[in-house]
Amino acid sequence: MHCPFCQHHDTRVIDSRVSDDGATIRRRRVCEACGERFSTLETIELKLPVIIKGDGRREAFDARKLRGGFDRALQKRPVAEEQIEAAVRAVVHQLRMTAERELPSRRVGEFVMAELRKLDHVGYVRFASVYRSFEDVADFREELDRLERDIPGDGQLTLLGDDEPRLDNKKKR
(Lines give C-alpha, C1' and ligand atoms only; values in the text may rest on other atoms or scores of the structure.)
Protein backbone atom coordinates (compact mmCIF):
# COMPACT_ATOMS: atom_id res chain seq x y z
CA MET A 1 0.00 0.00 0.00
CA HIS A 2 1.48 3.35 -1.05
CA CYS A 3 1.40 6.25 1.39
CA PRO A 4 -1.08 8.92 0.18
CA PHE A 5 1.19 11.67 1.57
CA CYS A 6 4.71 10.82 0.33
CA GLN A 7 3.98 7.91 -2.06
CA HIS A 8 6.43 5.67 -0.21
CA HIS A 9 5.69 2.01 -0.98
CA ASP A 10 6.06 0.65 2.55
CA THR A 11 3.26 1.11 5.10
CA ARG A 12 2.51 -0.89 8.20
CA VAL A 13 -0.89 -1.89 9.65
CA ILE A 14 -1.20 -0.78 13.28
CA ASP A 15 -4.89 -1.61 13.89
CA SER A 16 -7.66 -3.61 12.16
CA ARG A 17 -11.38 -3.59 12.93
CA VAL A 18 -14.26 -5.45 11.33
CA SER A 19 -17.33 -3.33 10.55
CA ASP A 20 -20.63 -4.03 12.31
CA ASP A 21 -22.08 -5.81 9.27
CA GLY A 22 -18.91 -7.86 8.77
CA ALA A 23 -18.60 -6.77 5.14
CA THR A 24 -15.54 -4.52 5.51
CA ILE A 25 -12.35 -4.27 7.52
CA ARG A 26 -10.99 -0.86 8.52
CA ARG A 27 -7.21 -0.83 8.75
CA ARG A 28 -5.22 1.95 10.42
CA ARG A 29 -1.81 2.30 8.76
CA VAL A 30 1.39 4.25 9.31
CA CYS A 31 3.94 5.16 6.65
CA GLU A 32 7.44 3.88 7.43
CA ALA A 33 9.05 6.87 5.64
CA CYS A 34 7.11 9.97 6.75
CA GLY A 35 5.26 8.63 9.81
CA GLU A 36 1.84 9.86 8.64
CA ARG A 37 -1.18 7.76 9.57
CA PHE A 38 -4.18 6.95 7.41
CA SER A 39 -7.07 4.48 7.20
CA THR A 40 -8.04 2.03 4.47
CA LEU A 41 -11.18 -0.02 3.96
CA GLU A 42 -10.94 -3.57 2.72
CA THR A 43 -13.96 -5.23 1.10
CA ILE A 44 -14.52 -8.49 -0.72
CA GLU A 45 -14.84 -8.14 -4.46
CA LEU A 46 -17.07 -10.85 -5.87
CA LYS A 47 -17.44 -11.20 -9.59
CA LEU A 48 -20.97 -12.07 -10.62
CA PRO A 49 -21.71 -13.15 -14.17
CA VAL A 50 -22.60 -10.68 -16.90
CA ILE A 51 -26.27 -11.00 -17.82
CA ILE A 52 -27.16 -11.60 -21.48
CA LYS A 53 -30.49 -9.92 -22.17
CA GLY A 54 -33.10 -11.28 -24.60
CA ASP A 55 -31.99 -8.92 -27.36
CA GLY A 56 -28.34 -9.98 -26.99
CA ARG A 57 -27.15 -6.97 -24.97
CA ARG A 58 -24.84 -7.68 -22.06
CA GLU A 59 -25.24 -5.95 -18.69
CA ALA A 60 -23.43 -6.20 -15.40
CA PHE A 61 -25.57 -7.93 -12.78
CA ASP A 62 -27.45 -5.39 -10.69
CA ALA A 63 -28.78 -6.58 -7.32
CA ARG A 64 -31.04 -3.49 -7.13
CA LYS A 65 -32.87 -4.65 -10.26
CA LEU A 66 -33.22 -8.10 -8.76
CA ARG A 67 -34.67 -6.64 -5.56
CA GLY A 68 -37.01 -4.44 -7.61
CA GLY A 69 -38.37 -7.51 -9.39
CA PHE A 70 -39.11 -9.19 -6.07
CA ASP A 71 -40.70 -5.99 -4.73
CA ARG A 72 -43.00 -5.63 -7.75
CA ALA A 73 -44.07 -9.27 -7.62
CA LEU A 74 -44.72 -9.15 -3.88
CA GLN A 75 -46.28 -5.68 -3.70
CA LYS A 76 -49.06 -5.63 -1.07
CA ARG A 77 -48.46 -9.29 -0.22
CA PRO A 78 -47.99 -10.60 3.34
CA VAL A 79 -44.28 -11.42 2.95
CA ALA A 80 -41.77 -10.21 5.54
CA GLU A 81 -38.87 -8.01 4.48
CA GLU A 82 -36.43 -10.56 5.91
CA GLN A 83 -37.92 -13.28 3.69
CA ILE A 84 -37.49 -11.10 0.59
CA GLU A 85 -33.88 -10.31 1.53
CA ALA A 86 -33.19 -14.01 2.05
CA ALA A 87 -34.67 -14.81 -1.38
CA VAL A 88 -32.51 -12.14 -3.04
CA ARG A 89 -29.43 -13.54 -1.27
CA ALA A 90 -30.39 -17.05 -2.43
CA VAL A 91 -30.57 -15.91 -6.07
CA VAL A 92 -27.23 -14.09 -5.80
CA HIS A 93 -25.72 -17.22 -4.22
CA GLN A 94 -27.03 -19.34 -7.10
CA LEU A 95 -25.49 -16.90 -9.58
CA ARG A 96 -22.14 -17.16 -7.81
CA MET A 97 -22.32 -20.93 -7.72
CA THR A 98 -22.82 -21.20 -11.49
CA ALA A 99 -19.17 -20.15 -11.90
CA GLU A 100 -20.02 -18.87 -15.37
CA ARG A 101 -18.83 -15.53 -16.73
CA GLU A 102 -22.02 -14.89 -18.68
CA LEU A 103 -25.55 -16.04 -17.97
CA PRO A 104 -28.76 -15.57 -19.97
CA SER A 105 -31.37 -13.42 -18.23
CA ARG A 106 -33.80 -16.34 -18.67
CA ARG A 107 -31.74 -18.37 -16.22
CA VAL A 108 -31.82 -15.57 -13.66
CA GLY A 109 -35.60 -15.42 -14.14
CA GLU A 110 -35.85 -19.14 -13.40
CA PHE A 111 -33.89 -18.65 -10.16
CA VAL A 112 -36.25 -15.81 -9.18
CA MET A 113 -39.35 -17.86 -9.99
CA ALA A 114 -38.10 -20.76 -7.86
CA GLU A 115 -37.65 -18.43 -4.87
CA LEU A 116 -41.00 -16.69 -5.42
CA ARG A 117 -42.74 -20.04 -5.63
CA LYS A 118 -41.49 -20.81 -2.10
CA LEU A 119 -42.43 -17.37 -0.76
CA ASP A 120 -45.83 -16.50 -2.17
CA HIS A 121 -47.93 -18.11 -4.89
CA VAL A 122 -49.58 -14.86 -5.94
CA GLY A 123 -46.21 -13.14 -6.27
CA TYR A 124 -44.99 -16.11 -8.26
CA VAL A 125 -47.92 -15.88 -10.70
CA ARG A 126 -47.46 -12.12 -11.04
CA PHE A 127 -43.80 -12.56 -11.92
CA ALA A 128 -44.50 -15.54 -14.21
CA SER A 129 -47.14 -13.59 -16.14
CA VAL A 130 -44.57 -10.97 -17.14
CA TYR A 131 -41.60 -13.32 -17.38
CA ARG A 132 -43.41 -15.81 -19.59
CA SER A 133 -45.41 -13.14 -21.46
CA PHE A 134 -48.87 -14.54 -20.80
CA GLU A 135 -51.12 -13.67 -23.73
CA ASP A 136 -54.58 -14.35 -22.28
CA VAL A 137 -56.55 -15.75 -19.36
CA ALA A 138 -55.91 -19.31 -20.55
CA ASP A 139 -52.18 -18.84 -19.91
CA PHE A 140 -52.96 -17.74 -16.34
CA ARG A 141 -55.32 -20.69 -15.86
CA GLU A 142 -52.64 -23.15 -17.06
CA GLU A 143 -50.06 -21.73 -14.67
CA LEU A 144 -52.50 -21.73 -11.75
CA ASP A 145 -53.49 -25.33 -12.48
CA ARG A 146 -49.85 -26.36 -12.67
CA LEU A 147 -49.07 -24.53 -9.42
CA GLU A 148 -51.96 -26.07 -7.50
CA ARG A 149 -51.17 -29.52 -8.88
CA ASP A 150 -47.43 -29.33 -8.07
CA ILE A 151 -47.59 -27.70 -4.65
CA PRO A 152 -49.74 -29.18 -1.89
CA GLY A 153 -51.16 -26.82 0.73
CA ASP A 154 -48.21 -25.39 2.63
CA GLY A 155 -49.73 -22.67 4.77
CA GLN A 156 -50.07 -20.14 1.95
CA LEU A 157 -53.40 -18.73 0.91
CA THR A 158 -55.03 -20.72 -1.88
CA LEU A 159 -55.06 -19.31 -5.38
CA LEU A 160 -58.58 -20.32 -6.32
CA GLY A 161 -61.63 -21.67 -4.57
CA ASP A 162 -61.31 -21.77 -0.77
CA ASP A 163 -61.81 -18.55 1.15
CA GLU A 164 -59.85 -19.88 4.12
CA PRO A 165 -56.11 -20.55 4.10
CA ARG A 166 -54.99 -24.18 4.22
CA LEU A 167 -52.68 -24.59 7.16
CA ASP A 168 -51.78 -28.21 6.57
CA ASN A 169 -51.52 -30.66 3.70
CA LYS A 170 -55.10 -31.94 4.16
CA LYS A 171 -57.66 -30.82 1.63
CA LYS A 172 -60.71 -28.96 2.84
CA ARG A 173 -63.79 -31.21 3.13
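Me: What do the buried residues of α5 pack against?
Reply: In this predicted model, they pack against α3 and α4 (121-131). The buried residues are E143, L144 and L147.

Me: What puts these residues on the same side of α5?
Reply: Their arc. E143, L144 and L147 are the buried residues of α5. They cover an arc of only 100 degrees around the axis, so they sit on the same side of α5.

Me: How do you know that the span of helix α5 agrees with what it should be?
Reply: Set the expected span against the model. Helix α5 covers residues 137-150, which makes 14 residues. The expected span is 1.5 Å times one less than the number of residues. For α5 that should give 20 Å, and the end C-alpha atoms are 20 Å apart, so the two agree.

Me: Why is S105 called partly exposed?
Reply: Its relative accessible area is 23%. Buried means under 20%, and exposed means over 50%. The value for S105 falls in between, so S105 is partly exposed.

Me: Where is S105 found, and what does S105 touch?
Reply: S105 is in helix α3, residues 105-119. Leaving out residues up to four places away in sequence, S105 touches I51, I52, K53 and G54. E59 lies 46 residues from S105 along the chain, and their C-alpha atoms are separated by 9.7 Å.

Me: What makes β1 and β3 edge strands?
Reply: Each pairs on one side only. The open sheet has 3 strands in the order β1-β2-β3, with antiparallel pairing. Its edges are β1 (11-18) and β3 (37-43). Neighbouring strands are turned by 25 degrees against each other on average, direction ignored.

Me: How do you know that β2 pairs with β3?
Reply: Count the bridges. Pairing takes at least two bridges between strands. β2 (residues 24-31) is joined to β3 by 7, so the two strands pair. They run antiparallel. One of the bridge partners in β3 is T43, opposite T24.

Me: Which residues have the most contacts inside the largest nonpolar core?
Reply: L66, F70, V112 and L116. The core has 28 residues. At least two of them come from each of α1 (63-73), α2 (81-98), α3, α4 and α5. In soluble globular proteins, nonpolar side chains tend to be buried together.

Me: What is L116 in contact with, leaving aside neighbours within four places in sequence?
Reply: F70, A73, L74, G123, Y124 and F127. F70 is also among the core residues with the most contacts.

Technical notes:
Residues numbered from 1 in each chain as written. Predicted model: local features only at pLDDT ≥ 70, side-chain atom pairs only at ≥ 80, totals over all residues. Heavy atoms only, no water. Helix = DSSP H or I, 4+ residues; strand = E, 2+ residues; numbered from the N terminus. Axes fitted to C-alpha atoms, helices over the stretch in contact; angles between N-to-C directions. Buried < 20%, exposed > 50% of the residue type's maximum accessible area, 1.4 Å probe, protein only. Contact = heavy atoms within 4.5 Å. Arc of directions from axis to C-beta. Core = buried A, V, L, I, M, F, W, Y, C linked by side-chain atoms within 4.5 Å.
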